[in-house]
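Hi everyone, and thanks for coming. Let me put the structure up on the screen, and then we can walk through it together.

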Amino acid sequence: MISNENMRLWGWILALIMALAGCGGGGAGSSGGQPASTSTSSTTGQNVMPIIVDAGPAGVNAMNIPYTSVTICTPGASTCQTIDHIIVDTGSTGLRIIASVLSSSLSLKQQMSGTENLYECLQFADGYAWGSVKVADVQLGGEPIIHSLAVQIIGDPSAAAVPRGCSITGISEDSVATFGGNGIIGVGTFQQDCGSTCATTPAATGAYYTCSSLSGSSCTAVAVPLAQQIQNPVGMLSSDNNGVAITMPSVAATGSVAVSGSLIMGIGTQSNNALGSATVYEVDPTLGTLTTTFNGRSYAGSFLDSGSNALYFVDTSITQCTGSNSGFYCPTSTVQLTAANQGTNGTSGMIGFSVANADTLFGNTSYTASSGLAGTSITGGAPNFDWGFPFFFGRTVFTSIEGTSSGGVSGPYFAY
Amino acid sequence: MIYPKCMVAILLIFLVLSDSAQATLGSDETSIANDQVKMKATRRIVSLSQYTTHEIQMSSGTLVREYVSAQGQVFAVAWKGPLLPDLQQILGSHFAEYGVAANSKRTRRGPVLVQKPGLVIQSGGHMRAFFGRAYIPQMLPADVTVDDIQ
């Protein structure tokens, strides 16, 4: 997908074709080779990026991971590459690409901090991703190009080795197979990935580092001003920049082959992204969390996370799987449950959801989506309810970015 | 405040400098000083009736609590904050088991859970809001429940 001609236009055309066909393909990496989708929830417009929930790139065997495509270009030039299987994540902020899928034709500019190269250790609950921070021109759907966007290049072979302050936080996820996609587009409630924590005193297990050589021991955690941190790419658009809506079709709890939906940029900015009758759940502005009540217990640190592939919560009455699927639930028949979400603005609403047998789901290798995939979580201390991607099926879920306003409400919030 | 038992005394707020060594879960109390050094943090010791907690405050805002029995053994650790702590340091020899659990899974961006007869590790959350805990069930003092570890 590389050319020195006007590939931005072609990227747009490709995105439109994908939206109409409901299949993610093209660009870097290989597609999942799953059967054609049977269920679609298509929306069109320049602010629409198609979502496909398929098996992912080779070696991933994805279940419930929403993917889209992003076009990235050499800054100020027309050399571009459209990269498919980018994970759509409302639980993080920023665009990140696995280095191995990048074309050598692209020439991205290293972001500096003073006179040294800037790197990032991206922390997830289940692992870290180390790589350089580079500057690219980026196109999302048919929106105007975002110029000079800071992007993390994960597993960059030209980067310094992983410093100790990063590796001690968990396990490395720096390849397509370990990361689960060719990259990730974090469109969560925050405008910056780390925020004020990283703008002040650098921590021993920091997010941003500079390195004076390629040795990991030469790296030092550094403070990075908010404006130089990795940004929510949607927040950097000239319009449609106050959040996103994710629209997905209904999917059976007991599983489905690939399905497609839409990532729509902006909230209340176009005819295709109005809040309508959705209920707004404002979130804690520091943590991005709301409160879920389930089985008589209140979970204050709960969140809606399209990047989590299951609903993760504690219910000791449901049988857990054993063996390779341990941690997931394996009830003999699908269980129907209810919970309630409450926003910091006092709004609340009930949610009905299902828990299916994960052994059966994973046992059908043609299935890549299920609204009933669920697993257990932390039993005490600071427990939460992680409303992962199964929650997004059969809904339009809005994620509002902090510091913006939409539908007459100030962000950050979730609405559905 | 979230201390389930009565707080008897806040003994000390001090900075300890020490040679580094592997710590900590399942090790003796002196290993905590190493954790503090590795995490470039301040430490506060709180004595409760059944155990002592060492609160290690990292500059990132992440708080690590280490739970020490009357016999001087670290039987539990817990953390909460915007960035992950030095898990290799505070989990000590159990960090490898954490890595195995994080690797061998079909979960994506979900919690990492180790549930064995001799070891429990639970780690979850997302950027800006991480939390987790680990403990050795057999080492919990009498009258201490797992709900106290937070």
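Let me start with a small puzzle: how many residues lie between β3(B) and β4(B) in their hairpin, and which residue in the turn has a positive phi? Have a look at chain B while I say one thing up front: what you see is a predicted model.

Okay, here is the solution. The hairpin of β3(B) and β4(B) has five residues between its strands, and the residue with the positive phi in that turn is G61(B), at about 100°. Strand β3 of chain B covers residues 51–57, and β4 of chain B covers residues 63–69. The pairing of these two strands is antiparallel and runs over seven bridges. If you want a spot to zoom in on, find T53(B), which sits opposite Y67(B) of β4(B).

Now stay with β4(B), as there is a second hairpin to see. On leaving β4(B), the chain passes through four residues and enters β5(B). In this turn G72(B) has the positive phi, about 85°. Strand β5 of chain B spans residues 74–81 and pairs with β4(B), antiparallel again, over six bridges. Here you can look for V68(B), with V74(B) of β5(B) opposite.

So is β4(B) mostly covered or mostly open? Mostly covered: of the seven residues in the strand, five are buried.

Let's zoom out to the whole of chain B. Its 150 residues are 51% buried, and its secondary structure is three helices and eight strands. Reading from the N terminus, the order is β-α-β-β-β-β-α-α-β-β-β. Among the contacts in chain B with a separation of 6 or more, 46% join residues 24 or more positions apart.

Next up is chain A. This chain has five helices and 27 strands. Why call it compact? Its radius of gyration is 20 Å, close to the 22 Å that the globule rule gives for 416 residues, so chain A is as compact as a globular protein of that length. The box that holds its C-alpha atoms is roughly 55 × 45 × 45 Å along the principal axes. Of the residues in chain A, 61% count as buried. For contacts with a separation of 6 or more in this chain, 72% are between residues 24 or more positions apart.

Chain A is also assigned two domains: domain 1 is 7–236 and domain 2 is 269–415. Their centres, taken over C-alpha atoms, are 24 Å apart. Each domain puts 28 residues into the contact between them. On the domain 1 side, the elements that give two or more residues are β2 (48–53) and β4 (80–89) of chain A. The one that gives the most is β4(A), with three residues. Sorted by class, this side of domain 1 has 13 nonpolar, 13 polar and two charged residues.

Last stop: where the two chains meet. Here 48 residues of chain A are in contact with 45 residues of chain B. On the chain A side, β8 (116–124) and β18 (297–304) are the elements that contribute two or more residues. And what is that side made of, by class? It has 18 nonpolar, 26 polar and four charged residues.

That's the tour, and I'm happy to go back to any part of it.

Key: Residues numbered from 1 in each chain as written. Chains lettered and ligands numbered in written order. Predicted model: local features only at pLDDT ≥ 70, side-chain atom pairs only at ≥ 80, totals over all residues. Contact = placed C-beta atoms within 7 Å. Nonpolar A, V, L, I, M, F, W, Y, C, P; charged D, E, K, R; others polar. Domains from an automatic or database assignment. Rg over C-alpha atoms; globule rule 2.2 N^0.38 Å. Buried ≥ 20, exposed ≤ 12 C-beta atoms within 10 Å, placed from the backbone. Pairing = 2+ DSSP bridges.
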